[in-house]
Amino acid sequence: MSPNPPRVREPILNLPTAITLSLAVLIGIHAVRLVLSDETDFTLIIDWAVIPARWSVAFGGFRIDEVMQALREGVPQDTISPMMALAQYVLAQEEGRPWTALTYAFLHGSWAHVLINGVWLAAFGTPIVRRCGAARFLILMAVSAVCGAVFYAFMNPTQVLPMIGASGAVSGLMAAASWFIFSPPAWHWEGRLTQPHERPRETLGHMVQNRQVLIFLGIWFAANYVFAFVQPVGMMDASIAWEAHIGGFLAGLAIFPLLDPLPARPSRISA
């Protein structure tokens, strides 16, 4: 027998199955769209993306003429006609299509859009899956996506341009992970330091005293504030729906303690 056992090769990307499948779905959907005709792809986007004006007319008590008036006042003169035509097409049947609050997250505007969301999904979704399991991960993603869509629509009630992308759901993962990834490491019962996903959840009191958490949250909110006014050059071919990011982030921050199978870190040690 050889004194040196064969070296086992570790995979470059050791992602949980739920993350791998999620990435495959997002990439696969975008790849399929590339082979569709322009007309078919346009119809797909209109049918499955979030269009706030459609919800406003169906559920928010807005009239179609109010949406049209808002468009006349809010867009440059040279784009009024195309926007009005799009609005008439979208609002013709006055259907709300509430399922688009979830389906929009499966669509992306470009490969860069898919890549950026995929990287953040892998980075923050992996510790969530390892901590909570696939089912709770999917629940967190879905709730964050829906809340991101609702907040975006609330902030832009007369918008007729479609909003797509998994950014709201990914933002929810970021917020959820912030509950534990910055917790101080402790010794595991196996005699090693705990991995981030094994650490106790911070309490709100601990979070507001944790400098790493505050820096992370500050940078994240500052970046979205910048996105509200500045379009990063060359990164996207459409504007960034920062409102969906905020809505998804706040949802993930709020519901993660309800989904977390591990207890929070004790606020103090009893004698």
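Helices H7 and H8 of this predicted model are oblique to each other, because their axes cross at roughly 135 degrees and an angle counts as oblique when it falls outside the ranges for roughly parallel (under 35 degrees), roughly antiparallel (over 145) and roughly perpendicular (65 to 115). The axes of H7 and H8 come within 7 Å, where an axis is a line fitted to C-alpha atoms, for helices over the stretch in contact, and angles run from 0 to 180 degrees between N-to-C directions. The crossing of H7 and H8 is right-handed, a term that applies if the near helix is turned clockwise from the far one by less than a right angle, whereas an anticlockwise turn is left-handed. On the side of H7 the contact (heavy atoms within 4.5 Å) involves Leu121, Gly125, Ile128, Val129 and Cys132, which meet Ala134, Arg136, Phe137, Leu140 and Met141 in H8. These residues divide into eight nonpolar, one polar and one charged, with Ala, Val, Leu, Ile, Met, Phe, Trp, Tyr, Cys and Pro taken as nonpolar, Asp, Glu, Lys and Arg as charged, and the others, Gly among them, as polar.

Residues are numbered from 1 along each chain as its sequence is written. Local features need pLDDT of at least 70 and side-chain atom pairs count only at pLDDT 80 or more, while totals for chains, interfaces and linings use all residues, and side-chain values use heavy atoms, with hydrogens and water left out.

Helix H8, residues 134-155, also packs on H9, and the two axes come within 7 Å and cross at roughly 120 degrees; H8 and H9 are therefore oblique to each other. The crossing of H8 and H9 is right-handed. From H8, Phe137, Leu140, Met141, Ser144 and Ala145 take part in this contact, and from H9, Gly168, Ala169, Gly172, Leu173 and Ala176. By class, the contact of H8 with H9 has seven nonpolar, three polar and no charged residues.

Helix H9 (residues 167-177) further packs against helix H12 (residues 242-259), at an angle of about 40 degrees and with the axes 7 Å apart. That angle makes H9 oblique to H12, and H9 passes H12 in a right-handed crossing. The residues of H9 that meet H12 are Ser167, Gly168, Ser171, Gly172, Met174, Ala175 and Ala176, and their counterparts in H12 are Ala244, His245, Gly248, Phe249, Gly252, Leu253 and Phe256. The contact of H9 with H12 comprises seven nonpolar, seven polar and no charged residues.

At the level of the whole chain, there are twelve helices and zero strands, where helices (H or I, at least four residues) and strands (E, at least two) are DSSP runs numbered from the N terminus. Of the 271 residues, 42% count as buried, with buried defined as under 20% relative accessible area, exposed as over 50% and partly exposed as in between (1.4 Å probe, protein chains only). The accessible surface of the chain comes to about 15,400 Å², of which 65% belongs to carbon and sulfur atoms, the areas being obtained by the Shrake-Rupley method with a 1.4 Å probe, and only the protein chains shown counting as cover for residues. Among contacts between residues at least 6 apart in sequence, 80% join residues at least 24 apart.

Several individual residues complete the description. Thr126 is found in helix H7, which spans residues 111-132, and counts as buried at 8% relative accessibility. Residues up to four places away in sequence not being counted, Thr126 touches Leu15, Pro16, Ile19 and Leu121.

Phe59 lies in helix H3, residues 52-59, and counts as exposed at 54% relative accessibility. With neighbours within four places in sequence left aside, Phe59 is in contact with Gly96 and Pro98; the C-alpha atoms of Phe59 and Gly96, 37 residues apart along the chain, are separated by 6.9 Å.

Arg97 lies in the loop between helix H5 (80-91) and helix H6 (100-103) and, at 17% relative accessibility, counts as buried. Most residues other than glycine have a negative phi, whereas phi of Arg97 is near 50 degrees, a positive value. Pro185, in the loop between H9 and helix H10 (204-209), counts as partly exposed at 49% relative accessibility. The C-alpha atoms of Pro185 and Pro200, 15 residues apart along the chain, are separated by 9.2 Å.
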